[in-house]
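Open the model in your viewer and keep the selection panel handy. We will go from stop to stop, and at each one there is something to pick and something to look at.

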Amino acid sequence: MGQDIAEYGGVFKVTEGFLDRFGPQRVRNTPIIESGAIGAALGLAIEGLKPIVEMQYADFITCGFNQTVNNLAKTHYRWGQPVGVTIRAPFGGGVGAGPFHSQSMEAWFTHVPGLKVVVPSTPRDAKGLLMTALDDPNPVLFFEHKKLYRSLKGDVPDARYKLPLGEARIAREGTDATIVTYGLGVQWAREEAQHQAEANGASVEVIDLRTLVPWDRAAVRQSLADTHRLLVLHEATRTGGFGAELTASVAEEFFTLLDAPPARVAADDLPVPFSRSLEKDIFSAQNKLRPALEQLLAF
């Protein structure tokens with residue numbers, strides 16, 4: 001359920017055809033009241049159903065913040081009631097949508113005990129991780145990058161399959177440095193790793209976390225045991241971003257593996273500009289990646 005997800009098929013057409021296939025009992029439009037939709041999902045979950053709520057844009061979850069971080073996240077702790085709610089949230093920039101429709105706010109929810117946070121970067125991972133999220137008895141925030149909807153294609157098995165939460169994947173193998181990232185950052189990191197290989201002969205490994213809560217400490221440690229250099233990349237603004245948690249954890253737990261200080265690459269601490277050129281050339285983490293990586297490799 002969500003705004004315009006039935007007859008219209010959702011603003012990004014992800015649910016197009018669902019109403020005809022599954023009927024109005026399972027596919028429902030909601031009023032423009034995110035708190036009401038998430039609150040209704042909590043009631044449905046208590047009754048044993050598996051509700052999925054689509055935020056039209058992830059930014060709008062602010063209007064349902066109390067229901068998410070208090071009602072969904074804490075109900076199991078308070079009285080042992082499983083709350084199997086999945087919130088799908090199209091997020092991120094790169095499409096010229098401006099400050100109210102382009103934010104990356106995943107770090108808000110990684111700070112809340114009781115929530116799981118998933119950020120797929122490929123079509124195959126999106127399906128497998130979503131199947132796992134639906135079967136999880138805990139509330140899951142499922143962030144889908146809206147730029148990837150139309151810019152990335154990949155093979156997806158027809159059969160139902162699940163990918164475990166908390167298990168990263170190696171998006172590109174390397175030996176000289178490790179980039180840990182997720183979402184659209186995986187595409188940026190792979191492109192930059194290819195450039196470094198061609199221009200400088202550097203071998204850069206790219207780790208796609210896939211899930212932030214839980215995140216795969218073992219995979220990051222294994223990579224750093226080989227490369228000894230870490231760069232954490234995310235699209236969200238720098239201060240308080242999930243990259244801070246990653247680099248702090250690595251410094252505490254894996255410091256002896258490092259031959260250089262960990263690097264963080266993120267967006268500037270500003271609202272997302274409407275102008276695509278301003279967003280990409282000044283605000284975005286993408287344009288900051290190359291100099292930061294080359295500095296790390298040269299240390």
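Select strand 4, residues 140-145, in this predicted model. Val-140, Phe-142 and Glu-144 point one way from the strand, while Leu-141, Phe-143 and His-145 point the other way. Are these side chains buried or exposed? On both faces of strand 4 they are buried, and the strand as a whole is mostly covered, with six of its six residues buried.

Now add the neighbours of strand 4. Strand 2, residues 86-91, pairs with strand 4 in the parallel sense over six bridges. To find the register, pick Arg-88, which stands opposite Phe-142. Then bring in strand 3, residues 116-118, which runs parallel to strand 4 and is joined to it by three bridges. Here the residue to pick is Val-117, opposite Leu-141 in strand 4. Follow the chain from strand 3 through helix 5, residues 123-135, and you arrive at strand 4 by a right-handed β-α-β crossover.

**Aromatic rings**

Stay with strand 4 for a moment and show the rings of Phe-65, Phe-91, Trp-108, Phe-109 and Phe-143, which form one aromatic cluster. How many aromatic pairs does the model hold? The count comes to nine. One of them is at the other end of the tour, in helix 1: Phe-18 and Phe-22 make an edge-to-face pair, 5.8 Å centre to centre with 85° between the planes. Both residues lie in helix 1, four residues apart, about one turn of the helix. In an α-helix with 3.6 residues a turn, residues three or four places apart point the same way.

Phe-18 is partly exposed, with a relative accessible area of 35%. Phe-22 also counts as partly exposed, at 33% relative accessibility. With Phe-22 still selected, pick Gly-80 as well: the two are 58 residues apart along the chain, and their C-alpha atoms are separated by 31 Å.

Phe-18 and Phe-22, then, form an edge-to-face pair. For another geometry, go back to the cluster: the ring centres of Phe-109 and Phe-143 are 6.2 Å apart and their planes are at 40°, so this pair is tilted. The pair links distant parts of the chain, with Phe-109 in helix 4 (residues 106-110) and Phe-143 in strand 4, 34 residues apart. Phe-109 counts as buried at 0% relative accessibility, and Phe-143 is buried with a relative accessible area of 1%.

**An open sheet**

Next, select strands 5, 7, 6, 9 and 10. In that order these five strands form an open sheet with mixed pairing. Which strands are at the edges? Strand 5 (169-172) and strand 10 are the edge strands, each pairing on one side only. Look along the sheet and you can follow its twist, which averages 25° from one strand to the next.

Work through the pairings with these picks:

- Strand 6 and strand 7 pair in the parallel sense over five bridges; Ala-177 stands opposite Val-204 in strand 7.
- Strand 6 and strand 9 run parallel and are joined by three bridges; Thr-178 stands opposite Leu-230 in strand 9.
- Strand 9 and strand 10 run parallel, with four bridges between them; the bridge partner of Thr-237 in strand 10 is Ala-267.

From strand 9 the chain crosses through helix 9 to strand 10, again in a β-α-β crossover that is right-handed. Seven of the eight residues of strand 9 are buried, so the strand is largely enclosed by the rest of the structure.

**Helices on the sheet**

Show helix 9, residues 242-253. This helix lies across strand 6, strand 9 and strand 10, and runs at about 160° to strand 9. Helix 11 packs on the sheet too, touching strand 6, strand 7, strand 9 and strand 10, and its direction makes about 160° with that of strand 9.

For the last stop, select helix 11, residues 286-298, where Leu-289, Ala-292, Leu-293 and Leu-296 are buried. Why do they sit on the same side of the helix? They cover an arc of only 105° around the axis, which puts them there together. Turn to the other side of helix 11 and you will find Gln-295 and Ala-298 exposed. Finally, show what covers the buried residues of helix 11: the cover includes strand 6 (177-181), helix 7 (184-200), strand 7 (204-208), strand 9 (230-237) and strand 10 (263-267).

Notes: Residues are numbered from 1 along each chain as its sequence is written. This is a predicted model: local features need pLDDT of at least 70, side-chain atom pairs count only at pLDDT 80 or more; totals for chains, interfaces and linings use all residues. Side-chain values use heavy atoms; hydrogens and water are left out. Buried means under 20% relative accessible area, exposed over 50%, partly exposed in between (1.4 Å probe, protein chains only). Helices (H or I, at least four residues) and strands (E, at least two) are DSSP runs, numbered from the N terminus. The arc is that of the directions from the helix axis to the C-beta atoms. Contact means heavy atoms within 4.5 Å. Two strands pair if DSSP finds at least two bridges between them. A crossover is right-handed if, with the strands pointing away from the viewer, the path from the first strand over the helix to the second runs clockwise. Axes are lines fitted to C-alpha atoms, for helices over the stretch in contact, and angles run from 0 to 180 degrees between N-to-C directions. Rings of Phe, Tyr and Trp (its six-membered ring) pair if their centres lie within 6.5 Å; planes under 30 degrees apart count as stacked, over 60 as edge-to-face and the rest as tilted.
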